[in-house]
Amino acid sequence: MKCAFGENPKRCYKDKGISSRMSNAAMLRETLFKAREYMEKLDAAGDDPAKKPAFDLRLQALLPVLRREIPLKAHAHQANDILTALRIAREFDVKLTLEHVTEGALIVDELVQADVPLAIGPTFGQPSKIELKNKSWETPVVLNAAGCRVSIITDSPVTQQSHLRFCAAMAIASGMPEADALRCITLNPARHIGVEDRVGSLEAGKDADIVLTEGSLFDMQGKIVSVFVNGERVAP
C-alpha cells in the first residue's frame with residue numbers, strides 16, 4: 001500500500017486539502033486512525049453482522065496494512081519526510097518500506113535503528129525538483145556500509161529499467177563492493193517486495209531466471225552470453 005510524502009502529493013492534491021508536508025502527514029494519520037477504529041469494531045463484532053460497522057471500501061483496503069500482512073510503502077526523498085514516515089509507522093505499528101530515500105545519507109543512524117528496507121533511486125540524471133538536490137551515488141554506498149537493507153532502483157520509467165546495472169556500476173564507482181552492488185539489484189529487491197522465496201539468488205527450487213555474462217555484469221562493454229527464463233534458454 002503506497003503513501004507519498006513531499007512535493008508530489010503537495011502538487012497533485014493541493015485542491016484536496018494537501019498543500020504542505022504537515023497537512024499531508026495529518027491526512028495520513030487521520031485515515032489510519034479511522035481505519036484502526038474500523039478494524040477494532042469489525043473484530044469486536046465477530047460473526048454478528050448487526051454489530052459490524054458500515055462497510056467502507058477505503059478503510060477495508062488498509063486492514064492488511066494495520067494487520068501487518070503487507071507493508072506501507074512510503075515514497076520519501078527528503079530527510080524530514082523519511083523521519084515522518086518512520087514516526088507514523090511506529091505510531092500505528094505497521095510494517096514499512098521506504099522508496100527513493102534520496103537524503104538517507106543525512107540520517108544514517110535513524111535508518112540503521114529503524115531497520116526497514118530501502119529502495120534507493122532514481123539517482124541517474126539531474127535533480128528535477130528541490131527535494132532531489134542532495135541525490136548522490138554515495139547514498140546507497142553509505143547506507144549499505146552502515147548495514148541497511150539497500151536496493152538500487154531506476155524508478156522506471158523515470159530511468160529505463162535497462163539501465164539498472166549501470167546504476168549499480170555507478171554505486172561501485174562510488175565505493176560499493178561489487179558483490180554488494182549485485183545483491184542490491186537481485187536478492188535485496190526480492191526481499192524488499194517479499195518474493196525472495198522465488199527469485200533474487202541462485203538456489204534450488206527458485207525460478208531459474210539467469211543472465212550469463214562474459215566478464216563482469218557491471219562492465220558496460222561486457223557481453224551477455226546467455227539468458228535463461230524459467231530454466232529455458234531464450235537468448236541468444
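**Exercise 1. The salt-bridge network**

Determine which residues are linked in a network of salt bridges, and describe the pairs formed by Arg21.

*Solution.* Step 1. The network of salt bridges links Glu7, Lys10, Arg21, Asp81, Lys129 and Glu131. A salt bridge is a side-chain nitrogen of Lys or Arg within 4 Å of a carboxyl oxygen of Asp or Glu. The model is predicted, local features need pLDDT of at least 70, side-chain atom pairs count only at pLDDT 80 or more, and totals for chains, interfaces and linings use all residues. Residues are numbered from 1 along each chain as its sequence is written, and side-chain values use heavy atoms, with hydrogens and water left out.

Step 2. Arg21 and Glu7 meet through their side chains in a salt bridge of 3.1 Å, N to O. This pair links distant parts of the chain, with Arg21 in helix H2 and Glu7 in helix H1 (residues 7-12), 14 residues apart. Helices (H or I, at least four residues) and strands (E, at least two) are DSSP runs, numbered from the N terminus.

Step 3. A salt bridge also joins the side chains of Asp81 and Arg21, at 2.9 Å, N to O. Asp81 lies in helix H5 and Arg21 in helix H2, so this pair ties together parts that are 60 residues apart in sequence.

Step 4. Asp81 is buried, with a relative accessible area of 2%, whereas Arg21 is partly exposed at 21%. Buried means under 20% relative accessible area, exposed over 50%, and partly exposed in between (1.4 Å probe, protein chains only).

**Exercise 2. A salt bridge from helix H2 to a loop**

State how many salt bridges the rule gives, then characterise the pair of Asp43 and Arg67.

*Solution.* Step 1. The count comes to 14 salt bridges.

Step 2. The side chains of Asp43 and Arg67 form a salt bridge of 2.9 Å, N to O. Asp43 belongs to helix H2 and Arg67 to the loop between helix H4 (63-66) and S2, so to speak of distant parts of the chain is to note that they are 24 residues apart.

Step 3. Asp43 is partly exposed, at 48% relative accessible area. Arg67 is likewise partly exposed, at 37%.

**Exercise 3. The sheet**

Establish the order of the strands in the sheet and identify the strands at its edges.

*Solution.* Step 1. The open sheet is formed by 5 strands in the order S1-S2-S3-S4-S5, with parallel pairing. Two strands pair if DSSP finds at least two bridges between them.

Step 2. Strand S1 (2-4) and strand S5 (150-152) each have a single partner strand, so one side of each is left without a neighbour in the sheet.

Step 3. Neighbouring strands are turned by 25 degrees against each other on average, direction ignored. Axes are lines fitted to C-alpha atoms, for helices over the stretch in contact, and angles run from 0 to 180 degrees between N-to-C directions.

Step 4. S1 is joined to strand S2 (residues 72-76) by 3 bridges, and the two run parallel. Ala4 has His75 as its bridge partner in S2.

**Exercise 4. Aromatic pairs**

Classify the aromatic pairs of the structure and locate their rings.

*Solution.* Step 1. The whole structure contains 2 aromatic pairs. Rings of Phe, Tyr and Trp (its six-membered ring) pair if their centres lie within 6.5 Å; planes under 30 degrees apart count as stacked, over 60 as edge-to-face and the rest as tilted.

Step 2. The ring centres of Phe33 and Phe92 are 5.0 Å apart and the planes stand at 75 degrees, so this pair is edge-to-face. Phe33 lies in helix H2 (residues 21-45) and Phe92 in helix H5 (residues 79-92), 59 residues apart. Phe33 is partly exposed at 40% relative accessible area, whereas Phe92 is buried at 4%.

Step 3. For Phe124 and Phe166, centres 5.4 Å apart and planes at 85 degrees again give an edge-to-face pair. Phe124 lies in the loop between strand S4 (118-120) and helix H7 (138-145), and Phe166 in helix H8 (residues 164-173), so the pair ties together parts 42 residues apart in sequence.

**Exercise 5. Cysteines**

Determine how many disulfides the structure contains, and examine Cys148.

*Solution.* Step 1. The search finds 0 disulfides, a disulfide being a pair of cysteine sulfur atoms within 2.5 Å.

Step 2. The closest cysteine sulfur to that of Cys148 is in Cys184, 11 Å away and too far for a bond. Cys148 is buried, at 9% relative accessibility.
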